[in-house]
Amino acid sequence: MREIQMIPHKRTLSHLVVVQALLQISAIVFSMSRVASLSMKAASPSTKRQMFVQWFRHGDLRLHDNPALTRTIDLAKKENSEEGIVPMFCFDPRVFGNGATSEFGSLKCGARRAKFVIESVEDLRKSLEEKGSGLLVAHGKPEDVFEDMFQGACQNIVPRVICQEEVASEEKKVNKKVNSVLKRLQKDSTLEYIWGSTMYDPETLPFEDGLYGMPDTFTPFRNKVEKKCEIGKPLPTPGKAQLKMADALKSTLPNKKTCSLSYLPTLAELGYTQEQIQEAEYDSRSVMTFKGG
């Protein structure tokens with residue numbers, strides 16, 4: 001039988017050419033979309049530089065046995081942050097000065113106490129600097145300080161702020177405002193609270209409802225806690241390797257008149273009168289000198 005050779009029709013050939021061209025175009029489009037996808041991933045928030053901020057409050061101005069500070073260091077280490085952490089403290093005008101009064105008209109913080117806090121902050125800064133770090137000190141509302149600090153920088157930075165957990169209403173309101181500012185500037189930012197105000201961890205209390213199940217009187221509380229709870233060992237003081245702040249990180253921090261790594265307000269700047277400042281000075285009749293730090 002004679003072999004029959006199939007000769008494609010001209011129209012069939014043109015169809016094959018079109019199909020081949022479409023496949024080539026599809027491959028090119030796929031490659032371009034893949035590249036675009038990878039580019040978007042490269043610019044995603046997950047690849048932005050994270051800045052870990054240890055926000056010191058009035059009750060944890062120390063390096064030793066500080067759960068919040070330990071947490072900040074651990075987070076930075078987990079994310080392989082070679083720049084270090086940013087310790088900071090804010091002198092809130094809603095707390096210090098003659099303009100900060102309670103609903104009954106009394107000063108929230110007198111000049112003597114403010115002097116003690118200034119000395120404590122100065123001592124904390126000295127301890128941090130000895131370990132290659134520093135302390136960013138500001139005079140202003142924390143939410144305003146954080147906004148000035150990260151305004152315009154959140155395109156490349158994701159703030160991770162850690163602080164000691166507070167229980168009083170005014171402090172909790174400040175936390176809420178700070179968190180709101182951080183989320184508005186960068187939706188991936190976080191504000192984390194760490195408990196560190198009591199000898200016993202509230203989560204280990206031997207009562208059915210935890211804090212809300214505590215007895216109304218002290219003796220039943222003591223009897224149960226002494227038998228079933230243990231006071232945790234103090235956390236160690238972080239070393240130089242854990243606290244050292246890279247020069248590149250220091251260069252990105254605010255350097256303003258009332259917010260910098262060297263700024264420390266005076267009692268006059270906090271809003272106290274000369275008479276109040278004089279009264280806050282050491283009295284020679286005192287038996288002991290109480291200095292912060």
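Helices and strands here are DSSP runs, with at least four residues for a helix and at least two for a strand, numbered from the N terminus. With that in hand, load the model, which is a predicted one, and let's walk through it.

**The whole chain.** Start by colouring by secondary structure: the protein chain has 10 helices and six strands. Switch to a surface view if you like; of its 293 residues, 35% count as buried. Contacts reach a long way along the sequence, too. Take those between residues at least 6 apart in sequence, and 78% of them join residues at least 24 apart.

**The sheet.** Now select the strands. You'll find an open sheet of six, in the order β5-β4-β1-β2-β3-β6, with mixed pairing. Look at the two edges: β5 (190-194) and β6 (259-260) each have a single partner strand, so one side of each has no neighbour in the sheet.

Next, zoom in on β1 (residues 49-56) and β2 (residues 86-91). These two run parallel and are joined by four bridges. To see one pairing up close, select W55 and look across to β2, where its bridge partner is M88.

**Two helices on the sheet.** Add helix α4, residues 142-150. This helix packs on the sheet and touches β1, β2, β3 (136-139), β4 (157-164) and β6, and its direction makes about 155° with that of β1. Then add helix α5, residues 169-185, which also packs on the sheet. The strands touched by α5 are β1, β4 and β5, and its direction makes about 150° with that of β5.

**Where the helices meet.** Keep just α4 and α5 on screen. How far apart are their axes? The answer is 8 Å, with a packing angle of about 20°. Angles under 35 degrees count as roughly parallel, so α4 is roughly parallel to α5. The crossing of α4 past α5 is right-handed.

Show side chains at this contact. From α4, pick P142, E143, F146, E147 and F150; they meet V174, K177, V178, V181, L182, R184 and L185 of α5. Colour them by type, and the residues of this contact divide into eight nonpolar, no polar and four charged.

**Last stop: K187.** Follow the chain out of α5 into the loop between α5 and β5, and there you'll find K187. Is this residue buried or exposed? K187 has 61% relative accessibility, so it counts as exposed. To finish, select V158 as well: V158 and K187 are 29 residues apart along the chain, and their C-alpha atoms are separated by 8.6 Å.

Key: Residues numbered from 1 in each chain as written. Predicted model: local features only at pLDDT ≥ 70, side-chain atom pairs only at ≥ 80, totals over all residues. Heavy atoms only, no water. Pairing = 2+ DSSP bridges. Contact = heavy atoms within 4.5 Å. Axes fitted to C-alpha atoms, helices over the stretch in contact; angles between N-to-C directions. Parallel < 35°, antiparallel > 145°, perpendicular 65-115°, else oblique. Left-handed = near helix turned anticlockwise from the far one by under 90°. Nonpolar A, V, L, I, M, F, W, Y, C, P; charged D, E, K, R; others polar. Buried < 20%, exposed > 50% of the residue type's maximum accessible area, 1.4 Å probe, protein only.
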